[in-house]
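User: Please walk me through this model, and tell me how each label is earned. I would like to see the value next to the rule every time.

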Protein chains: 2
Amino acid sequence: VFQVVRSSSIPLGDQLVEKVTGLIETGRLPEGSRLPSVRQLAQRAGVSTYTVTQAFERLSAKGLVQSRPGSGYFVARLRRVPVPARVELEVSAIVDSVLGFARRFLEQDKVIVPVGSGFFPAAWLEEAIPPSTLSKLGKSGAAFESATVKGDPALRELLAERLRTASIPAAAADLIITSGASHAFDLIARTLLAPGDAVLVNDPSFFVLHAQLRALNLRLIPVPMLADGSDLEALESAARLHRPRMFFTQSLLQNPTGSSSSAANCHQVLKLAERYDFLVTEDHMLSDLAGAGAVTLAQIDELRRVIYVGSFTKLLGPGLRIGYIAAQSSLIAPIIKAKVLNLLAGSALCESVVREVLASGKYRRHIVHLRDRVAKARAVSVFQLRQVGLSIESSSSEGIFLWARIPPGMDPDRLVIAAQAQGILLAKGSLFSPTGQCRGYFRLNVAYAADPLLLSFLSEQFSAAA
Amino acid sequence: VFQVVRSSSIPLGDQLVEKVTGLIETGRLPEGSRLPSVRQLAQRAGVSTYTVTQAFERLSAKGLVQSRPGSGYFVARLRRVPVPARVELEVSAIVDSVLGFARRFLEQDKVIVPVGSGFFPAAWLEEAIPPSTLSKLGKSGAAFESATVKGDPALRELLAERLRTASIPAAAADLIITSGASHAFDLIARTLLAPGDAVLVNDPSFFVLHAQLRALNLRLIPVPMLADGSDLEALESAARLHRPRMFFTQSLLQNPTGSSSSAANCHQVLKLAERYDFLVTEDHMLSDLAGAGAVTLAQIDELRRVIYVGSFTKLLGPGLRIGYIAAQSSLIAPIIKAKVLNLLAGSALCESVVREVLASGKYRRHIVHLRDRVAKARAVSVFQLRQVGLSIESSSSEGIFLWARIPPGMDPDRLVIAAQAQGILLAKGSLFSPTGQCRGYFRLNVAYAADPLLLSFLSEQFSAAA
């Protein structure tokens, strides 16, 4: 019964584990019964004793067999424990849809064309973290070190230097590593804002942020996005009317519109922040994709009332979850405390990966290649998508996102459902709008936006509607 | 006024920064005034132009001076930036001292003998994650994957299997990966408790937990630890009087006392939880170090009102920050949502390290070796520490911690300071007591407790006092 198939493509060890598991689960090897010895089993299965030993280890790890020193392996007592039924989340409709979408793209459930995803394909990132980097960190014991509360000092020094090069006066001591940008937003909002405070957010902007702020009982005041940045008139009247404590914005390659604010717009936004005395949290998640000479709020304000949030999730490694906050000392101090109380410290392993990649120059080289790749993909995508009937306003050659409008009269919700049936994940505009606007818009990821399956799907849908 | 002291042990640059900061803060260099040029200042201070440039960079980074290209450095307008009212988390002196300690041991500032640390030395852990594991995960692209919201499904399946083997009915769907156990406690407390709620904690117990609960404005009700577990009389009267919503406890190898609750004690605690209708969060951070046959609340309750918190921080890899929560669906659902709103998802890289180490049987083998090593270290440490005059009640052969009493009449605070001067980090008992008790006790890490430097230090101190 233990005989394995040597000609199979399934490894012999896997076959053996599966066989023994089956024999135990069907009761043919009853609880408490003794298994053949390693040598006997190797003979009967026709495999090496090494393979058998490995298989026993794996069966032990699964809790199916137990070793009793000196007397061999036995079938473990299989306490059939009740598996609790699963209850659905109790969340408001908005948070639900947001989480639903987040989960859908994070779990990539049968998605063939994740054009609604915010992530680059792994193939676009992998040159930056070769396996040798991880094995080097393995040798240096990064997995066994405790991270410091603020995060790896050498990493913070490298990040502060990078910011200073971009004319942002940051000190390593006033920089804190977070588990990605969303973690940064949550720590900032929890620390510097109080329930009931008004906060400004761009309409449209990143939906997870809206859910985070709403969950903290903050009042979201929308500030429309125009081609050159935030709508200044709307910003001023919102500031006058609502006396907001903070503005969450993204000056470079904004998610989802892909547009960057002009220098003049940044200047005016900052003047309003000063006049109406609110803080600004600026998302720099995608800034490294922007060319030199781009102006941001953090630069012209020199981190007085602007809080800088950076991240390596999108441009380096989504599996690392490393972001950071730079701000003046009086603002960063309570954020550090909040981080400690939230999770004590981050992952020294992930922090050291980013440190290595920055210090070795691999990140810099990777970004040069990535920008190039993005520019080419944008050019192709914009051309092809316009061919099939999407309207795309931005003519920028930078950034991961295209903000595209479907032909008037088409129902975006039906489009999403039809797309899903073909394995195409679409991110519709209203998801990004705190006021439910932007119907008819879609955020497209340039890495997938010229996929033939997507193009033929859109072409069919649009010609059927016409 | 800028002259620095060349013979001082303080670096010249630091002196200069301090001087200029003082002049600005006292108003002797008023806002907007122009600073001497780099060359002038170098002359007047008697330092190199390089030192001055570096000092200006640091003053800029601190927001005290501003460079205006072409015209030099000026004292910045010291806009007392709108610091929001809640900028100081309302934390008590206790929380501050706790964070001070946490920072001290996490940053291991010049510590030679970290006997107050809660971590094993890297050398005791490293067999479990060989560099080949990391390079394998590098090849499979784990750094480029987004983690799912709940955490790696295969990892959750392995964890649920392990729990079921220990007679705890867990389903992978009702298990969520966290960034360590402290993250788990924070998510649980934020989600299932409301400000003002009474919560029970053991006295003594892990101090970061106390800080977390206090920061959420929960009322901490202490339940003393006795040799066989929580003091049942105190627990019952606290439950009757305060109607707590939750009890945070650790039945196996409790931090800091190292003691495990008896089966009878667990049974009585659970009866009280049922009678007074409170939930229990059980910390299993160290449970894998306990021998077979140990009984826990999660086992006898079968995860009805007990929430299981596990972690790989102490026994596998502090640099991974992987913990988990298993609970019944209705409790886990809001915790999942809180995790998304807190940081979206964890690190796929770190999750996959734990998955590999569990699935390959490496973790199981490592734990066998670690238990053995701990038992030997305990035996040696207990003998040696008793020799020098410490009193140790526990005779258990398991667990990382020894709970030791210094001779009566000795001042524990002085001992800590004297130890620090010799590079010995001590964790004094009162740190772990929400009521400031346990003076005269110390928590010792068995991996360092027989260090000759520690033993000779204690021996000297105790004989001087006698």
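## Labels and their rules

User: What makes R305(A) and D277(A) a salt bridge?

Analyst: The closest N and O atoms of R305(A) and D277(A) are 3.5 Å apart. The term asks for a side-chain nitrogen of Lys or Arg within 4 Å of a carboxyl oxygen of Asp or Glu, so this pair earns the name. R305(A) sits in the loop between helix 11 (297-301) and strand 9 (306-311) of chain A, and D277(A) in the loop between helix 10 (263-275) and strand 8 (279-283) of chain A, so the pair ties together parts that are 28 residues apart in sequence. Over all chains, the count comes to 33 salt bridges. Helices (H or I, at least four residues) and strands (E, at least two) are DSSP runs, numbered from the N terminus.

User: Good. What ground rules stand behind these values?

Analyst: The model is predicted: local features need pLDDT of at least 70 and side-chain atom pairs count only at pLDDT 80 or more, while totals for chains, interfaces and linings use all residues. Side-chain values use heavy atoms, with hydrogens and water left out, residues are numbered from 1 along each chain as its sequence is written, and chains are lettered from A and ligands numbered from 1 in the order in which they are written.

User: How do you know which residues of chain A and chain B are in contact, and how many are there?

Analyst: The test is heavy atoms within 4.5 Å, and it picks 91 residues from chain A and 90 residues from chain B. The area buried between chain A and chain B is about 7700 Å², with 65% given by carbon and sulfur atoms; that area is the accessible area (1.4 Å probe) lost on putting the two parts together, summed over both.

User: Which side chains pair in a salt bridge at 3.2 Å, and how many salt bridges join chain A and chain B?

Analyst: There are two salt bridges between chain A and chain B. In one of them, the side chains of E57(A) and R365(B) meet at 3.2 Å, N to O. Polar contacts (N or O atoms within 3.5 Å, one able to donate a hydrogen and the other to accept it, with residues adjacent in sequence counted only if both atoms are side-chain atoms) link 22 residue pairs across this interface, both at pLDDT 80 or more. On the chain A side that touches chain B, helix 12 (329-343) is among the elements supplying at least two residues, and helix 12 of chain A gives the largest share, ten residues.

User: Why is the empty space of about 1400 Å³ called a pocket?

Analyst: On a 1 Å grid over the protein atoms alone, a pocket is an open set of points with protein on both sides within 12 Å along at least five of seven lines, whereas a cavity is a set where a 1.4 Å probe fits but cannot get out; lining residues have an atom within 4 Å of a point. The volume of the largest pocket is about 1400 Å³, meaning the space filled by probe spheres set on the points, which are joined across faces, edges and corners. Its 47 lining residues include Q66(A) and R371(B), both among those nearest the centre. Helix 14 of chain B gives the most to this lining, six residues.

User: Which spaces are cavities, then, and how many are there of 30 Å³ or more?

Analyst: The rule finds 13 of that size, and the largest has a volume of about 160 Å³. Of its 23 lining residues, those closest to the centre include S179(A), S179(B) and R321(B).

User: Where are the cis peptide bonds from D203(A) and N255(B)?

Analyst: The bond from D203(A) to P204(A) is cis, with omega near 5 degrees, and P204(A) lies in the loop between strand 4 (198-203) and helix 8 of chain A. N255(B) and P256(B) are also joined by a cis bond, omega about 15 degrees.
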